[in-house]
There are 2 protein chains.
Amino acid sequence: MNLRDLKYLLAVAELKHFGKAAGHCFVSQPTLSSQIKKLEEQLGVTLFERNNRSVELTPVGEAIVEHARLCIAQVDAMVQTAKIHQDPLAGQLRIGAIPTLSPYLLPLIYQPLKSAYPQMNPIFSDEVTQMLEMRLTNHEIDVALLATDATGKGFGEIPLFDEPFWLIHPPNHPLHTQDVITLTDLRELDMLLLSEEHCLSRQIVEVCQLDGPRRRDELRAFGLETLIQFVSNGLGCTLIPALSVHGGRMTGSGVITRQLDSGEAVRRIRLVFRPNFPRRHALEALAEVILQNLPNTVRCLA
Amino acid sequence: MNLRDLKYLLAVAELKHFGKAAGHCFVSQPTLSSQIKKLEEQLGVTLFERNNRSVELTPVGEAIVEHARLCIAQVDAMVQTAKIHQDPLAGQLRIGAIPTLSPYLLPLIYQPLKSAYPQMNPIFSDEVTQMLEMRLTNHEIDVALLATDATGKGFGEIPLFDEPFWLIHPPNHPLHTQDVITLTDLRELDMLLLSEEHCLSRQIVEVCQLDGPRRRDELRAFGLETLIQFVSNGLGCTLIPALSVHGGRMTGSGVITRQLDSGEAVRRIRLVFRPNFPRRHALEALAEVILQNLPNTVRCLA
DNA sequence: CTCTATTGATAGGTATAGGCTATCGTTTCA
DNA sequence: TGAAACGATAGCCTATACCTATCAATAGAG
């Protein structure tokens, strides 16, 4: 059975005239006649009682037409739904971000994204890298904002920007009097780190070339804001990403924020997605909005 | 768009595997692939995000599949409806009968019809010949039980039986002492007649060869039972159809019921219907039930 | 790291379904 | 009686949905 046949059926039922119904369907009258006949044969019932003067629905015909009407209505609704979503920018875009980026970046882009692409429905979530990668694979999110390379795991990526690490230390720290801080200086410090499922902690270890003994494992905090509180209380130093300096509550917290004298101490933030994700344009739009709303403490890559 | 495509869509959405879905639909995998691709092109959206290891619905796909599911469900319901009505004996059969037949015949056949064809849903109505013919033409009823020939008006008919006219007269009437009553006797009587829209009144005029002056127009009653009351009250005689003698309240009403000495004084009862009425079998079934439940006061024609 | 199995996509050929024009048979109306 | 209107039928043609064979990409085993 064919949807076209059902449309023919509805046309004849409404106009009660094969010729007019055929015109209405943009086919010839014989085509319509034969298709109605075929439909009647398939269903095993007579739908119309016809003679050369009138065409009338049989009682069964009435019932069948009612079903056909509902069916066609469903298809129309389906096409309508498709039309709304034809714009690849439209519809849900489930965005995951790592916790050391999410609270500082997403507020910057939420309003601009709404303004630029009102038809887009972004849904944000907040998890560590490994979880985001799993959710990507399971189609539970569409794109992840990560600070690590995931191309080796079969994902695609759009590099966005390099986010420098800044040093924070307590006010009375020895570094207070030092004008310029280099990477070498960092090796000497007592670095506080996030728990190891955060990519940030691994990256700090790498950047500072911290060796085993120097790591302050006993104090690994679970959130960046908690870590800052530790520093504020004089328990040590740490590196934090530039965006958290901009958006975080540094002022008044008593910690000293210091830029580093090195272009190397950065993490690269990228959009990561399944390579066959069909709405690539939505990702590019997202990337564009992110890049245009960043503070100049980070280095854009486009 | 095609219903087949929607079924393919549902299969892939459910099994998340093109090959298995193809087997489930009894087509080859390339067929399924190309049809899904075609559907995606027609709708202008990507329904599945696929790679060589997994097939997953996109958010739009989810929405579309929901519509498709409802659509297919409608079609299934439609086929089911058709199946139920495939039996030409099933479903509504709207039966009209003339008022001088209806109250005496229909009670005789109602239960037998229910027993023999429980799937049939007979709906009875009661109107004069002209109205019944109009309703037949307008598809408001499916078949009429008439006492007149309607083949000249483009209807089809199944003759059922010849129903003799019986004479009824008051107890103290001169005919009381006469053993055999012939048609000639009737011409001398003061005949009471129904109003002229009833075919019975025309037929009595014809049978008795009543001429203008003898007709008792001022007393034309509207119903047969009323007419019998007139006779009972000694206001005249009349002819009534045999079934009304059988089923009517003759006993105790004080009227005398007399058979006529003539095979001519009958009216022929037939089923009348539109010639293209599709459920001819239902009519034949009805005819059969009627014929098998008649009293022997009438002469069956089959 | 190579080999193989699995999976969806593609290519090319064929058969059927659905389309058309022309015409018929019947009925209605002038 | 002739013309017009209408649905059905016949015969032909094309688009499309189907098939088999094969490709390309990936994952997992040895």
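Which residue takes a positive phi just after α8(A)? To find the answer, let us walk through helix α8 and then turn to the DNA. This is a predicted model, in which local features need pLDDT of at least 70, side-chain atom pairs count only at pLDDT 80 or more, and totals for chains, interfaces and linings use all residues. Residues are numbered from 1 along each chain as its sequence is written, and side-chain values use heavy atoms, leaving out hydrogens and water.

Helix α8 of chain A spans residues 199-208, and it is largely enclosed by the rest of the structure because eight of its 10 residues are buried. Buried here means under 20% relative accessible area, with a 1.4 Å probe and protein chains only; helices are DSSP runs of H or I with at least four residues, and strands are E runs of at least two, numbered from the N terminus. Among the buried residues are A:L200, A:I204 and A:V207. The buried residues of α8(A) pack against elements of chain A including α6 (129-137), β6 (156-169) and β9 (266-273). Just past the helix comes A:Q209, with a positive phi of about 50°.

Now to DNA strand C. Of the 24 residues around this strand, A:Y8, A:S28, A:T31, A:N52 and B:R50 come nearest, where "around" requires a heavy atom within 4 Å. Both chains take part: α1 (3-15) and α3 (29-43) of chain A, with α2 (18-25) and α3 (29-43) of chain B, each supply at least two residues of the surface near the strand.

A backbone N or O atom of A:S28 sits 2.8 Å from a phosphate oxygen of DNA strand C. On chain B, a side-chain N or O atom of B:Q29 lies 2.9 Å from a base nitrogen of the strand.

Conventions:
Chains are lettered from A and ligands numbered from 1 in the order in which they are written. Buried means under 20% relative accessible area, exposed over 50%, partly exposed in between (1.4 Å probe, protein chains only). Contact means heavy atoms within 4.5 Å. A polar contact is a pair of N or O atoms within 3.5 Å; within protein, one must be able to donate a hydrogen and the other to accept it, and residues adjacent in sequence count only if both atoms are side-chain atoms.
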